[in-house]
Amino acid sequence: MNYSYYPGCTLKTKAQDLDFYGRESAAALGITLEELPEWQCCGAVYPIARDEIATKLSAIRALMAARDNGTPLVTLCSACHHVLTRVNGDMQRNADIRMKANNYLKPAVPYAGETRVIHYLQLLRDEIGFDNLKQAVKKPLKGRKIGAYYGCLLLRPSKEMQFDDPENPHIIEDFIKALGAEPVVYAMRNECCGGYVTLKSEAQAKENVDLIIKNARAHGAEELITACPLCMYNLRAHQDGSMPVRYITELLYEALGLREGGAADET
Amino acid sequence: MKLDEKEIAGIIKEISGSDVKKCMKCGKCSATCPAYGEMKFHPHQFVTMVARGKIDELLKDETVTRCLSCFACVERCPRGVEPANVVAAVRVLAEREQGGSNFVPDEVPALIIADKEIPQQALVSAFRRYRK
C-alpha cells in the first residue's frame, strides 16, 4: 500500500526518532510512505480566525500535492495532523476560504479538500488493523506498564478531528495492547502539557506536566508514550527524569523486533 | 479611522465564528481551563465581554498569550460557544495592531541557546501565536 507522507519541520530535526522509527516500522509492515517532494512547514498551529488565509496556504499546498499523487496523506506529528486536518476541513466546508485560497494559489485543478488525511495511528488501526499488527509483533512488550499521553491536538475539537472519543480515547491503549504491553488508563492523558507557552512561562508548563506525571504514576504507569514532539519536550524537560517518555513509533519498532534485526538505531 | 468597542466586538464575533449569545454562564469553560490561574480574564469572561461589546480591557491584557489553545473549553462547552475561538480572535486583533506583539524574533536565539532540546514546533508556534 502506498501513502503520501508529510513529516513536518520537527521530524527532520529534533524529533528524528519519531520519523525514523515510524518509517522503518511502516516498511516492515509492508506500507510505503512516500515523502511529499518540496513540502513546507504547516505552521504548527491552526489559524483559528476565519479571515486568516495566507497562514493556511502551506498546509493547502501539501494537501494538494497528496491529491495530485492520488494517495491519502499520512502524518505523524500531532501538530501537523491537527493543522492539515482542520485546514482540509475549511477547504471542504468554508466557501469563502476555499475561494480565496484557490484564487491565490491558482492550481491547475482547484482544491476543495479531496485529500484524506490520516494519522499514523489511524493507519495502524484502520488500514492494517490492530489484530494484524499483533500478529506482526515479534517481541511482545510483556509486563511493561505504559501510559498513553494523547495531549490536545489529536483529539480536539473532536467535531473536526474525528480521531477518537475526546474524553475517553482508547486508540493508543489499543495500540499498546497490540504490542503486548499493558496500557495504563489515567485521567490526565488528554489534558494539555503546556504546549508552546513553555517559551513564555516555564512555570506554567511545569505545573501542567507535574499534574500529568503524578496522575499517570498514581495509576501505575512506568513509562509514557506520545506522538507529539512538543508534548515530548515538555514531558521530558519539566520532570526529574524518573518517568521515561518515548515516541509511539519507537515502541512499535521495538515490538516488531527491528532493534535486533540489524537495522540502525540512530539516524 | 478608529472603530469603537462595539464595532470591534462585532469583528471578533465574525472572525471567531462564535455565537456568544448562546452562553448560559455555567462556567464549565473556565473550570476546565489549564491556564485559568495565569490569565487575568477567563474564558467565560471573554465570551460575556464580547457579547456586551465591552472589550477595551481584553485587547489591552497581555495575559491573553497564556491561552494554550488546547481546546478543552471548546470541547466541553455544553452550548457549543467555542470560547477558545473568541480568545483567539481577541488575540489576533491585538497582534495586528502595530507593536501589539509581545514576542520579538530577537528573543529566539537566546531561547535556543538556553535549551538545545526546544523543538522547532515550539518556535514556529511561538511566531504564529505571539507575533504577526
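What share of the contacts in chain A with a separation of 6 or more comes from residues 24 or more positions apart? Hi everyone, let's start there: the figure is 74%. Before I go on, please keep in mind that we are looking at a predicted model.

Let me stay with chain A for a moment. Its secondary structure comprises 11 helices and eight strands. As for burial, 51% of the 267 residues in chain A are buried. If you lay the C-alpha trace of chain A along its principal axes, the spans come out at about 55 × 45 × 30 Å. What about the radius of gyration? For chain A that value is 18 Å, and it agrees with a compact globule, because a globule with 267 residues would have a radius of gyration near 18 Å.

Now over to chain B. Here we have a division into domain 1, covering 5–100, and domain 2, covering 103–132. Between the C-alpha centres of domain 1 and domain 2 of chain B, the distance is 24 Å.

And how do the two chains meet? On the chain B side, 30 residues are in contact with 36 residues of chain A. Three helices of chain B each supply at least two residues of the side that touches chain A: H5 (72–76), H6 (83–96) and H8 (120–130). The largest share of that side comes from H8(B), with eight residues. Sorted by character, the chain B residues on the side touching chain A are 17 nonpolar, seven polar and six charged.

That's my tour, so thanks for listening, and do have a look at the H8(B) side yourselves, with its eight residues on the side of chain B that touches chain A.

Terms used: Residues numbered from 1 in each chain as written. Chains lettered and ligands numbered in written order. Predicted model: local features only at pLDDT ≥ 70, side-chain atom pairs only at ≥ 80, totals over all residues. Contact = placed C-beta atoms within 7 Å. Helix = DSSP H or I, 4+ residues; strand = E, 2+ residues; numbered from the N terminus. Nonpolar A, V, L, I, M, F, W, Y, C, P; charged D, E, K, R; others polar. Rg over C-alpha atoms; globule rule 2.2 N^0.38 Å. Buried ≥ 20, exposed ≤ 12 C-beta atoms within 10 Å, placed from the backbone. Domains from an automatic or database assignment.
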